[in-house]
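Visitor: Hi, can you walk me through this one? I'm new to reading structures.
Guide: Sure, have a look and ask away.

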Amino acid sequence: MNRQIRPLARQDIPAAVGLIRESFATVAQALRFTQEDAPRFTAFSTTEERLLWQMEQERRPMFALFVEGAMAGYYSLRMEPAACELNNLCVLPAYRHKGLGGILLRDAFFRAAGLGATVMKIGIVEENRRLRAWYEAAGFIHTGTEKFPFTCGYMERALP
């Protein structure tokens, strides 16, 4: 399988928006979130304008995983002094359970450390126990929660 992770280009934004929305829609369906009760949830709130703002104004590093030339995964980093927040790491449903999420996560560790981060933070849907266990297996520790229409769980991990 031919795989490549590369920085997102401006022309990739529409495809990335579709990928993010489709990937997070499975979580929304499983946990019965709707746009009406959870309008800020990623599956509903990701737009081209938002990603362009993050790319051009916030200067977030954004990366896409391509499998056989097709965009299959995505993540971005919001850099802070000595830390970063991993955002929207996702893999399209058709490509899941093939180790691609782990490949993206390891790439994020490498790139964040290369940009000077010593800690990586993430927010997840706390009710998604499988995802929380996956991040814990990758070395993240749970640091707290915040209640929205769903519970956002916060985690972090030291970077090498």
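Visitor: In which sense do β5 and β7 pair, and over how many bridges?
Guide: β5 and β7 pair in the antiparallel sense, over seven bridges. Strands here are DSSP runs (E, at least two residues) and helices are too (H or I, at least four), numbered from the N terminus. Two strands pair if DSSP finds at least two bridges between them. One spot to look at: Met-120 sits opposite Arg-157 in β7.

Visitor: Is this solid data or a prediction, and how are residues counted?
Guide: It's a predicted model: local features need pLDDT of at least 70, side-chain atom pairs count only at pLDDT 80 or more, and totals for chains, interfaces and linings use all residues. Numbering starts from 1 along each chain as its sequence is written, and side-chain values use heavy atoms, leaving out hydrogens and water.

Visitor: OK, what's the strand order in the sheet?
Guide: The open sheet has seven strands, ordered β1-β2-β3-β4-β5-β7-β6, with mixed pairing. β1 (3–7) and β6 (141–147) are the edge strands, each pairing on one side only.

Visitor: And β4 with β5, parallel or antiparallel?
Guide: Parallel, joined by four bridges. Leu-86 stands opposite Ile-122 in β5. From β4 the chain crosses through helix α4 (residues 100–114) to β5, and this β-α-β crossover is right-handed. That means that, with the strands pointing away from you, the path from the first strand over the helix to the second runs clockwise.

Visitor: What about β2 and β3, how many bridges there?
Guide: Six bridges join β2 (residues 62–67) to β3 (residues 70–80), and the two run antiparallel. Val-67 stands opposite Ala-70 in β3.
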